[in-house]
Amino acid sequence: MEHADLSHIDNWIFDLDNTLYSGDVNFFAQIDKKMTAFMSQYLSLPPSEARVIQKEYLVEYGTTLSGLMAVHNMDPSEYLHFVHDIDLGILIPDPRLHTALSSLTGRKFIFTNGSRQHAKNVGEHLGIYGLFDGVFAIEDIDYIPKPKKSAYVQFINAFNVDPMSAIMVEDSVRNLEAPKAMGMSTLLITSQKDWSHEPEASRPHDGINVPDHVDMHTHDLPSWLLALE
Ligand SMILES: [Mg+2]
């Protein structure tokens, strides 16, 4: 298990979906399907056509929601409520993650392109929500998501984080580009599930041939954290 020297890190910034739980679990697919259903209704298109636009927006705007807001001037609240109304039951809380997060020194944050309510629902379900010093969600970044640099700038300003003392933990390779350029360390959470149905730009990475802006990568976040000195 690879660990760079992380003794200078006192701000741990975690993405939520497919990061604080494994992307190998078929959980995010529920949200994905609800996005398609919402768009099919909203744009009056068959699901197959709505899905193409959904993924185009994801690639172009960072999230499907941002595309809907930019192109259709959509109000985000109904969408966020609809797509995050999902069954949490298939996510099995991992007590090792709680232990690992509890023993980290420094501040811990959740930074998600999902909604505040989604972060709370999932974080509480996993039994880790109370361990974080702050949560930053799509509402906090004016719905302009990662990987846009403005999102990270708003984050570090809101919590007074020095990027040189921070590590960004993410399953999305492109969401680590701006943090690395700003001086953060980067940890990629990989997935061994088949994600070929997702656009290459935004799918979780399999850990083979990771790009240079990824400092470290692991398939198992709890084990990786527990192996820290
Ligand atoms: Mg994610």
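In this predicted model, strand S1 (residues 11–14) and strand S2 (residues 107–111) run side by side in the parallel sense, joined over 4 bridges. Looking at individual partners, isoleucine 13 is bridged to phenylalanine 109 in S2, while tryptophan 12 sits opposite lysine 108 in that strand. S1 also has a neighbour in strand S4 (residues 166–170), and these two run parallel, with 4 bridges joining them. Here tryptophan 12 turns up again, with isoleucine 167 as its bridge partner in S4.

What about the side chains of S1? In a regular strand, side chains alternate between the two faces of the sheet. S1 has Asn11 and Ile13 pointing one way and Trp12 and Phe14 pointing the other way. All of these residues are buried, and for Trp12 that goes along with bridge partners in S2 and in S4.

Zooming out, these strands belong to an open sheet of 6 strands, laid out in the order S3-S2-S1-S4-S5-S6 with parallel pairing. Strand S3 (134–136) and strand S6 (216–218) stand at the edges; each has a single partner strand, so one side of each is left without a neighbour in the sheet. The sheet is not flat in the strict sense: on average, neighbouring strands are turned by 20° against each other, direction ignored.

Now for the helices. Two packed helices are described by the angle between their axes and the distance between the axes. For helix H1 (residues 28–42) and helix H2 (residues 47–61), the axes come within 8 Å and cross at roughly 110°. A crossing angle from 65 to 115 degrees counts as roughly perpendicular, so that is how H1 lies relative to H2. On the H1 side, the residues that meet H2 are Met35, Thr36, Met39 and Ser40. Their counterparts in H2 are Pro47, Ala50, Arg51, Ile53 and Gln54. Sorted by class, this contact has 5 nonpolar, 3 polar and 1 charged residues.

H2 also packs against helix H3 (residues 64–72), with axes that come within 7 Å and cross at roughly 90°. H2 and H3 are therefore roughly perpendicular to each other as well. Gln54, Tyr57, Leu58, Glu60 and Tyr61 make up the H2 side, and they meet Thr64, Ser66, Gly67, Leu68 and Ala70 in H3. The class count for this contact is 5 nonpolar, 4 polar and 1 charged. Gln54 is worth a second look: this H2 residue appears in the contact with H1 and in the contact with H3.

Further along the chain, proline 76 is found in helix H4 (residues 76–83). Proline 76 is partly exposed, with 15 other C-beta atoms within 10 Å; a residue would need 20 or more to count as buried. Leaving aside neighbours within four places in sequence, proline 76 is in contact with Leu65, Met69 and Tyr143. As for glycine 134, this residue lies 58 residues from proline 76 in sequence and 22 Å from proline 76 in space, C-alpha to C-alpha.

At the level of the whole chain, there are two parts to keep track of: domain 1 (11–21 + 93–226) and domain 2 (28–83). Taken over C-alpha atoms, the centres of domain 1 and domain 2 are separated by 22 Å. The contact between them takes 14 residues from domain 1 and 11 residues from domain 2. On the domain 1 side, the residues touching domain 2 divide into 7 nonpolar, 4 polar and 3 charged.

Definitions and conventions: Residues are numbered from 1 along each chain as its sequence is written. This is a predicted model: local features need pLDDT of at least 70, side-chain atom pairs count only at pLDDT 80 or more; totals for chains, interfaces and linings use all residues. Axes are lines fitted to C-alpha atoms, for helices over the stretch in contact, and angles run from 0 to 180 degrees between N-to-C directions. Angles under 35 degrees count as roughly parallel, over 145 as roughly antiparallel, 65 to 115 as roughly perpendicular and the rest as oblique. Two residues are in contact if their C-beta atoms, placed from the backbone, lie within 7 Å. Ala, Val, Leu, Ile, Met, Phe, Trp, Tyr, Cys and Pro count as nonpolar, Asp, Glu, Lys and Arg as charged, and the others, Gly among them, as polar. Two strands pair if DSSP finds at least two bridges between them. Domain bounds come from an automatic or database domain assignment. A residue is buried if 20 or more other C-beta atoms lie within 10 Å of its own, exposed if 12 or fewer, and partly exposed in between; C-beta atoms are placed from the backbone.
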